[in-house]
Structures are given as C-alpha cells and as structure tokens.
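User: I would like to learn how to read contacts, cores and pockets in a protein. Could we go through them together?

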Amino acid sequence: KTVVSLRDVSKVFSSGTLALEHLDLDIYQGEILSLLGPSGCGKSTALRIIAGLGDTSSGRIIWPSGGDDHSSDVGFVFQEPTLMPWATVFDNVRLPSRLKGVSRNAAKDTVMHALDNVGLSAFAGAYPRELSGGMRMRVSIARAMVTKPKLLLMDEPFAALDEITRQKLNDDLIRIQHELGWTVVFVTHSVFESVYISDRIVVMAARPGRAFAEMIVDAPRP
Ligand code: ADP
Ligand code: ADP
C-alpha cells in the first residue's frame with residue numbers, strides 16, 4: 001500500500017539551481033525508506049515537497065488516501081530539534097495536542113507514554129537546556145509520536161550526534177517504528193546508517209537526473 005507517490009517531479013529554484021529532475025518515488029506504508037546521497041543532491045528538497053513545505057516546478061504528488069491538505073498527516077523531525085527553550089519537556093511534547101485544543105489533563109497519558117517510549121519519563125519536568133543533544137532529539141521524536149503521523153519525515157536527524165548516541169537512537173527508532181507501524185522517510189548521507197535502519201534505500205546522485213538506484217535491505221529487524 002502506497003502512502004504517497006512522487007511522479008516526474010522536478011524543482012528549479014528561482015536562483016536557477018536545478019535541485020530535482022524527473023524524480024519518481026513511492027513510499028510504502030510501514031516501511032523505513034532512506035533517501036541516501038551526497039550533500040546538495042536534493043534530499044531535503046524532496047522531503048520538503050512531500051511535507052507540502054515547498055512547491056514543485058513540475059510533476060505530481062499523489063496521496064492515494066485523497067484530499068488536498070496533508071499537513072496534519074505528516075510529522076517532521078529536523079537535525080536541530082526545534083524545542084521551545086522556555087517550556088518543560090512535558091510541555092514541548094504536549095504542544096501538538098495543545099494546538100488541537102486537547103487539555104493538559106487529557107493529553108497527560110499520551111505525552112507520558114511517548115516520553116516513556118524514548119526513555120525520558122524521568123525528565124518530564126526538565127528544560128531543554130538541561131538535556132544532552134541526544135536527549136533533545138528523543139524529545140523531538142516523542143513530540144512527533146503524539147501527532148500520530150501517517151508519515152514521519154526525518155531530515156538527517158542524528159547527523160549532529162556522536163556515534164554512540166546516534167547508534168542508540170537508530171535502535172530506538174527501529175523499535176518505535178516497529179511498535180507503532182510508522183512509515184518513515186529518513187534522509188541521510190551515511191551509507192552505514194541507511195543500511196542499518198532501512199527496509200529500502202533510494203540512492204540519489206550528486207547531479208540531479210544523473211542516476212537513481214533503489215535497493216531492498218534485508219537486515220534483521222525486531
Ligand atoms: P522558490 O524558487 O521555491 O521560490 P527561493 O529561491 O525564493 O525558492 O528561496 C526560498 C527560501 O530559501 C528563501 O528564503 C531563500 O532565502 C532561501 N534560500 C535561498 N537559497 C538557498 C540555498 N542554497 N539553500 C537553502 N536556502 C536557500
Ligand atoms: P541535500 O538535502 O541533498 O543536501 P538540498 O535539497 O538541500 O540537498 O539542495 C539541493 C540543491 O538545491 C542544492 O544545490 C542547494 O543549494 C539548492 N537549494 C536548496 N534549497 C534552495 C533554495 N531555497 N533556493 C535555492 N537553492 C536551493
């Protein structure tokens with residue numbers, strides 16, 4: 001089952017930069033798909049287009065579920081977790097439900113469950129500045145969990161973390177994705193990381209339109 005498809009998508013920025021050329025991509029329900037390629041090959045551009053944060057110059061984005069506005073179906077995790085520094089971990093994770101008008105009390109179980117899942121329930125009352133980079137990333141993942149996204153887009157989420165923390169987060173992501181049946185598109189320039197976490201890898205070439213490869217990863221999963 002396909003969550004979203006890109007058909008013949010090209011993107012030329014007003015600066016003249018050709019960021020994507022004739023990109024075809026299908027994202028299947030319940031998979032971790034890695035977009036792998038060197039810096040500047042258009043990975044973020046593709047992710048932003050899927051999220052509805054950027055326009056295409058040509059081509060089509062097809063959501064088989066129908067409808068026009070898919071912003072609430074999509075969760076986004078960036079490399080630099082965008083946490084509110086003045087709010088506690090609990091309130092940061094609670095933000096999406098608050099925006100939907102869910103009361104603090106009604107959201108409590110969901111938020112604490114999400115924090116539990118990333119191993120941070122003891123830090124609900126802490127502030128982002130009191131946490132390490134890896135912990136802040138976990139908060140960001142917990143916040144995405146609360147929105148129950150159909151599709152989670154992650155743009156080089158662990159690239160700024162040290163190897164050990166990064167490896168732990170890879171393991172956590174695999175576990176959470178499996179438990180919740182998440183569909184994840186994971187942008188990375190690490191061959192190791194993509195092989196380790198993905199069900200499928202799409203390799204993008206340094207120059208748009210030059211080459212494109214897809215491979216199935218048959219690694220042991222939980
Ligand atoms: P579009 O062609 O889609 O209208 P723009 O060229 O207007 O896109 O740029 C959109 C935004 O991205 C602007 O705020 C611009 O300052 C910023 N931007 C421009 N060049 C780059 C770049 N190379 N990488 C990242 N952001 C950029
Ligand atoms: P990646 O995520 O693979 O590093 P990007 O999608 O960020 O690649 O960028 C693809 C190309 O498009 C690069 O040449 C980049 O400089 C350019 N680019 C990205 N965003 C913008 C923008 N808003 N305006 C102009 N050029 C951009």
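User: Leaving aside its neighbours within four places in sequence, which residues is Phe-186 in contact with?

Analyst: This is a predicted model, where local features need pLDDT of at least 70 and side-chain atom pairs count only at pLDDT 80 or more, while totals for chains, interfaces and linings use all residues. Residues are numbered from 1 along each chain as its sequence is written, and side-chain values use heavy atoms, with hydrogens and water left out. Contact means heavy atoms within 4.5 Å. By that rule, and without neighbours within four places in sequence, Phe-186 is in contact with Ile-32, Leu-33, Ser-34, Leu-35, Met-154, Pro-157, Phe-158, Asn-170, Leu-173, Glu-193 and Ile-197.

User: Which residues have the most contacts inside the largest nonpolar core?

Analyst: In soluble globular proteins, nonpolar side chains tend to be buried together. A nonpolar core is a set of buried (under 20% relative accessible area, 1.4 Å probe, protein chains only) Ala, Val, Leu, Ile, Met, Phe, Trp, Tyr and Cys residues joined through side-chain atoms within 4.5 Å. Here the largest one has 35 residues, and those with the most contacts inside it are Val-93, Leu-115, Ile-141, Met-154, Phe-158, Trp-182 and Phe-186.

User: Is Gln-79 buried, partly exposed or exposed?

Analyst: Exposed means over 50% relative accessible area, and partly exposed lies between buried and exposed. Gln-79, with a relative accessible area of 32%, is therefore partly exposed. Not counting residues up to four places away in sequence, Gln-79 touches Met-137, Asp-155, Glu-156, Pro-157, Ala-159 and Ala-160. Gln-79 and Met-154 are 75 residues apart in sequence, yet 7.9 Å apart in space, C-alpha to C-alpha.

Notes:
Chains are lettered from A and ligands numbered from 1 in the order in which they are written.
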